[in-house]
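Biologist: I'm new to this structure and would love a close look at one part of it, the place where two helices cross. Could you start there and then walk me on through the surroundings you find worth showing?

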Amino acid sequence: MIYANPLLEVITQLAGQDGLKIADYAKAVREARKQQAERFTAGVDIQQLLQDHAEFIDTLLQQLWKRQGISGNDKATLVAVGGYGRRELHPASDIDLMILLTDTPDEDCQERVASFLTLLWDVGLDVGHSVRTLEECLEAARDDLTVITNLIEARYVDGNETLFRELREAIKPERMWSSCEFFTAKLEEQRKRHLKFGDTSHRVEPNLKEGRGGLRDIQTISWVTLREYGTFSLQELYENRLLEYDEYEILRDGRQFLWRIRFALHELAKRKEDRLLFDYQRSLAHAFGYTDDTDNAAVEAFMQRYYRVITELERLSDMLMGIFRKRILTLHPPPPEMLGEWYQKRGNLISINSPDVFVLYPTALLEIFLLLQKTPGVSGLTPDTIRMIRHNLHRIDSSFRQQSRHRQLFIQILRQPSGITFVMRLMNRYGILAAYIPAFANIVGRMQYDLFHMYTVDEHTLFVLRNLRRYSTAIGAQELPFCAEVFKTLRDPELLYLAGLFHDIAKGRKGDHSELGANDAFSFCREHGLNLHDASLVSWLVRNHLLMSMTAQRKDISDPHVIHEFAEHVVTQSRLDCLFLLTVADIRGTNPKLWNSWKQTLLHELYHSTRKLLRNRTPLSRESTLLVEEKRRAALEQLLQEGFSEVECRSLWEKFGGDYHLQHSVESVLWHTRHILTESSHKPTLIHVRRTVSGSSNVLFVYTRDRDDLFTRVVSSLEQLNLNVVQARIVSTTDGFDLYTLHILGPDNQLIISASDQQHIIDTLIDNLVREKPQRLTHRKPRILRNFVVPTRIAFSQQPDKGLTLMEINAGDMPGLLSRLGEAMDGLGIRVHNARINTLGEQAQDIFYITTRDGDRITDEAQQANIREVLEKALQID
């Protein structure tokens with residue numbers, strides 16, 4: 001039975017009518033799009049849908065070409081290029097056209113062409129076009145890879161067909177862009193594209209067209225095939241024995257899966273869109289049959305399917321490009337160099353000696369990666385070897401994993417002086433890691449639907465491993481010199497690598513992933529010959545891999561009680577060293593935007609304070625007294641040299657209370673004291689900005705008369721300036737003043753360096769402090785935050801020794817969050833004494849140390865419930 005494109009009926013109905021208007025064609029375009037959407041929902045084959053759409057546009061353009069009186073003109077040819085030329089036309093794709101002319105157009109031809117293009121826009125088509133003579137076209141093609149790529153996939157639509165054939169003849173590989181030149185240029189183009197899009201397809205908002213393993217990689221394969229074999233069909237790869245049939249099926253089915261996602265994306269966005277933005281992921285998941293929205297299960301399951309398809313396509317793409325490289329570029333390959341009984345070196349690649357090596361000697365499935373690390377001058381495996389690894393993955397079974405030789409090989413890989421990250425990435429890409437560590441298979445392609453984790457769990461794990469390994473390199477020593485020094489003290493770095501490999505391995509399982517992962521790590525280490533002490537260290541690191549980050553960012557690490565509590569968990573210097581290095585690597589591998597100099601300073605401060613405590617083992621009360629007196633003596637030594645008296649300094653400090661020196665560095669004490677003793681007698685409000693000595697942040701101090709809404713006015717001023725508050729320390733003096741010391745960062749967590757910018761901060765604060773009413777700010781929630789519903793949770797705990805109530809707020813991040821909280825707390829009669837501000841992706845995790853205005857702790861449960869209700873209401877945003 002001959003297939004009939006149902007969309008053609010829409011356009012053929014117009015052909016027999018007289019007096020057609022633009023609106024009639026526009027209506028036909030809308031009707032065709034509507035039918036396409038309905039057929040997609042009904043499950044019509046995606047390739048058929050794309051081809052039908054292209055055929056519909058062909059027919060429409062032919063009618064409009066004729067309407068403008070160009071069809072009978074032998075000087076012009078209408079040519080389809082790009083996705084339209086390939087008949088891969090998605091709902092909102094541009095209609096890419098080239099109007100090919102025999103020679104420079106006269107005025108009449110120019111008017112007809114311009115009128116034709118205007119008509120296309122008027123009927124509702126998004127058109128990309130070029131108008132060139134044949135000579136201009138060929139000249140551009142000789143120098144431009146994009147132009148020649150468009151031309152080799154160009155398709156005749158209407159006009160002078162002879163002219164089109166002349167074009168096809170003139171761009172043959174023997175006349176320009178030989179297969180070798182074209183392939184070499186496409187390789188470089190692909191390399192640059194992968195770098196531009198992060199060299200990973202596993203970002204949480206991936207680009208399904210431009211990322212690794214995406215549609216552009218498949219198109220590159222097709223272009224190279226067309227240039228080398230003269231056909232655009234992927235099946236040609238199988239028929240020419242470049243692919244085995246199951247590999248061809250994976251490539252074909254993967255492309256169709258990506259096509260279906262792209263089609264659905266265009267329908268959802270109502271425009272051309274290739275990014276799987278958070279805005280669309282849930283709707284896409286539902287459209288593909290994933291409907292369980294409990295804990296974002298639908299989105300995460302759909303995206304894991306996407307990532308796994310992409311990973312397969314990435315493997316095939318790498319293998320095919322390797323095969324093309326061998327066939328197209330290597331005319332005279334160097335003779336193979338034998339590497340033992342089972343392997344050989346071919347150029348800069350390692351190969352197995354024969355296709356049955358993995359059958360006869362399954363150990364080679366691991367050993368070949370150790371060989372990659374040990375052999376100088378190699379960059380990977382030959383395509384045939386990659387294919388045979390894939391065919392023999394099933395040999396890595398329970399029996400394989402239990403063999404001591406294989407366990408020794410895996411540990412040997414982690415003990416090598418170089419190449420650990422490189423081979424681990426290859427082992428993940430080719431499926432070895434998931435086969436050898438079954439728990440790892442669960443995290444391959446697993447995403448977490450939040451803004452905190454930028455990569456899938458397996459990709460994040462490999463980034464963490466890379467960061468750990470980097471400490472031992474010259475680049476790492478330059479980036480993080482202190483981490484590099486600590487790393488040098490490690491007895492067995494492979495223990496740290498194992499902790500990095502297992503720290504998130506239980507993500508996606510029910511239960512505490514840290515606890516489950518610790519159990520997995522301990523079992524793995526013992527099975528692989530590690531002694532009880534080393535296995536326990538790896539397990540402890542996995543169990544506590546979040547401890548240092550949470551302590552540094554969410555607790556007051558100037559408080560000796562916090563340091564003691566942390567030190568009691570850590571116990572030993574070796575644990576502290578490993579946990580510190582793992583924490584830094586984990587944060588840097590989670591999201592590049594998370595790591596900044598402020599977090600670095602917090603972790604360094606916690607590390608040094610804990611190391612000192614572990615060495616001295618001083619009792620807590622004695623340590624606090626010694627620390628306060630030590631800071632006072634250090635500050636006085638400097639201030640006395642500057643002409644201040646000890647009496648006036650100590651008198652001022654007495655007004656600040658006992659915790660002032662514990663909470664502030666000597667640097668800050670000097671800064672406060674100088675300005676307050678020098679300026680407060682003639683200035684009602686003191687405001688100053690500086691950079692910390694470490695350069696981790698800017699520090700702002702505000703010294704002014706106490707007032708009920710002071711916190712709100714200060715934080716709203718900073719939000720008005722788009723500044724981020726990362727820490728706020730507030731001291732109320734005995735004579736009615738408040739001293740605010742706030743660590744701040746500029747947009748994108750950058751330092752505020754210029755004097756004019758710092759002065760602008762001061763001027764804005766002064767203006768808002770003298771206003772009769774604080775300036776109200778209106779905020780719109782950013783697009784990306786609108787996709788996440790984070791329930792507000794507010795918890796209270798008491799610190800009787802400090803006379804404070806600790807209020808912890810976990811809520812969705814939003815513009816103006818601190819000023820909203822401040823206004824609400826003003827209305828509730830709450831005084832803020834200290835604050836720790838922390839944002840993780842879409843979540844704000846802020847801690848406030850509070851009392852009533854009379855200085856009483858808030859212990860009554862009914863009062864706490866009222867506070868909780870008011871604050872939750874304040875954080876509701878449109």
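**Two crossing helices, and onward**

Modeller: Happy to! Helix α12 (residues 245-269) packs against helix α17 (residues 383-391) with 12 Å between their axes and an angle of about 90°. Please keep in mind that this is a predicted model. Since angles of 65 to 115 degrees count as roughly perpendicular, α12 and α17 are therefore roughly perpendicular to each other. Where they meet, α12 brings D246, E247 and I250, while α17 brings R387, R390 and H391. By character, the residues of this contact divide into four charged, one polar and one nonpolar.

From the helices, let's go on to a sheet. Four strands make up an open sheet, in the order β3-β2-β1-β4, and the pairing is mixed. The edges belong to β3 (127-133) and β4 (155-159); each has a single partner strand, so one side of each is left without a neighbour in the sheet. From one strand to the next, the twist averages 25°. A helix joins the picture here: α8 (residues 161-170) packs on the sheet and touches β1, β2 (95-101) and β4. The direction of α8 makes about 100° with that of β2. To follow one pairing by eye, take strand β1 (residues 76-80), which pairs with β4 over four bridges in the antiparallel sense. One bridge to find on screen joins A80 to its partner R155 in β4.

Now look further along the chain, at β13 (793-799) and β14 (804-812). These two strands form a hairpin with four residues between them, and they pair in the antiparallel sense over seven bridges. Within that pairing, I794 stands opposite I809 of β14, and F796 has M807 of β14 as its bridge partner. M807 is a handy landmark, for it also stands opposite F848 in β17. That second link belongs to the pairing of β14 with strand β17 (residues 843-852), which is antiparallel and runs over eight bridges. As for covering, β14 has eight of its nine residues buried. A general point helps when you view strands like these: in a regular strand the side chains alternate between the two faces of the sheet.

The turn of the hairpin deserves a pause. G803 sits in this turn and has a positive phi of about 70°. K802 is also found in the loop between β13 and β14. Is K802 buried, exposed or partly exposed? Its relative accessibility is 24%, so K802 counts as partly exposed, given that buried means under 20% and exposed over 50%. Leaving aside neighbours within four places in sequence, K802 is in contact with D559, H561 and D659. The chain also brings K802 and G658 to 9.8 Å from each other, C-alpha to C-alpha, with their positions 144 residues apart in sequence.

One last stop is T712, which is found in helix α37 (residues 710-720). With a relative accessible area of 2%, T712 is buried. A polar atom of its side chain lies 2.9 Å from the backbone oxygen of G822. Beyond its neighbours within four places in sequence, T712 is in contact with S819, G822, E823 and D826. So G822 is worth selecting together with T712, as it appears both in that list of contacts and in the polar pair.

How values were computed: Residues numbered from 1 in each chain as written. Predicted model: local features only at pLDDT ≥ 70, side-chain atom pairs only at ≥ 80, totals over all residues. Heavy atoms only, no water. Pairing = 2+ DSSP bridges. Axes fitted to C-alpha atoms, helices over the stretch in contact; angles between N-to-C directions. Contact = heavy atoms within 4.5 Å. Buried < 20%, exposed > 50% of the residue type's maximum accessible area, 1.4 Å probe, protein only. Parallel < 35°, antiparallel > 145°, perpendicular 65-115°, else oblique. Nonpolar A, V, L, I, M, F, W, Y, C, P; charged D, E, K, R; others polar. Polar contact = N/O pair within 3.5 Å; in protein donor to acceptor, adjacent residues only side chain to side chain.
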